[in-house]
Amino acid sequence: MGAQWKAKHKDLAANAKGRLFGKLAKDIMIAARHGADPAANSRLRLVVEQARKVSMPKDTLERAIKKGAGLTGETVHFEHAMYEGFAPHRVPVMVECLTDNVNRAASEMRVLFRKGQLGTSGSVSWDFNHVGMIEAEPAQAGADAELAAIEAGAQDFQAGEDDGTTLFITEPTDLDLVSRALPAQGFNVLSAKLGYLPKNPVDPASLNAEQLEEVEAFLAALDNSEDVQNVFAGLQG
């Protein structure tokens with residue numbers, strides 16, 4: 001959960017399918033600004049692979065590519081904004097937004113953070129490391145994640161969000177380099193993005209069941225926002 005908060009329960013995950021497609025469509029449109037051909041655009045290729053992994057409809061995917069590349073005549077403009085603060089019970093949170101209306105996003109963040117505490121720039125970011133995050137799965141049984149991390153140039157690795165996957169941690173500037181090196185080390189890259197890892201994550205065992213439920217409800221509300229792209233919580237997985 002510390003790497004990137006995700007809804008744990010199957011019913012929540014199912015309801016979030018449409019929102020996930022919307023977030024991926026934004027990523028695709030932004031990546032497609034640098035070319036509509038995934039073979040020649042590594043960033044687009046990775047996002048397209050991630051979209052296919054979650055069964056995004058082909059027409060939705062292709063429309064996002066064309067729109068981002070400017071092939072439809074429509075103007076696509078998203079602004080990036082970061083918000084930081086605390087969920088209930090002092091759990092630090094970094095929220096990444098991609099929005100076509102900065103004022104709307106800022107207003108919604110103020111409302112959502114009423115159940116927590118919205119901080120100023122730098123109020124909790126000091127307690128996170130800005131890193132590259134590569135989720136990958138072994139191409140064959142017996143692939144050694146530690147050896148792959150060393151040979152590909154990753155800084156570290158840990159268990160991924162899904163069973164059988166590994167999260168490789170890189171310097172932000174090494175994200176693409178390591179992504180391209182991992183397949184030769186026996187790992188298929190599923191997604192690659194920049195994100196935030198907490199330095200001192202809160203242990204869920206320090207919260208009672210009611211408190212933990214309040215934290216998860218707060219994170220879910222953030223994730224449900226139209227403008228929120230990623231939520232990074234300082235809570236141990």
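**Salt-bridge exercises**

Glu74 is partly exposed, with 44% relative accessible area (buried is under 20%, exposed over 50%, partly exposed in between; 1.4 Å probe, protein chains only). Quick ground rules: this is a predicted model, where local features need pLDDT of at least 70 and side-chain atom pairs pLDDT 80 or more, while totals for chains, interfaces and linings use all residues. Residues count from 1 along each chain as its sequence is written, and side-chain values use heavy atoms, leaving out hydrogens and water.

**Exercise 1.** Find the salt-bridge partner of Glu74 and its exposure.

*Step 1.* Apply the cut-off: a Lys or Arg side-chain nitrogen within 4 Å of an Asp or Glu carboxyl oxygen. Lys67 fits, with 3.7 Å from N to O.
*Step 2.* Lys67 is partly exposed too, at 28%.

**Exercise 2.** Work out what the bridge between Arg104 and Asp227 ties together.

*Step 1.* Their N to O distance is 2.6 Å.
*Step 2.* Arg104 sits in helix α5 (102-112) and Asp227 in the loop between α8 (209-224) and β8 (228-233), so the pair links parts 123 residues apart in sequence. Helices (H or I, at least four residues) and strands (E, at least two) are DSSP runs numbered from the N terminus.
*Step 3.* Arg104 is partly exposed at 31%, whereas Asp227 is buried at 1%.

**Exercise 3.** Place the Arg180 and Asp176 bridge, then look for a network.

*Step 1.* The closest N and O atoms are 3.0 Å apart.
*Step 2.* Both residues lie in helix α7 (175-181), four residues apart, about one turn.
*Step 3.* Arg180 is exposed at 52%; Asp176 is partly exposed at 29%.
*Step 4.* Now the network: shared partners join Asp100, Arg104 and Asp227.
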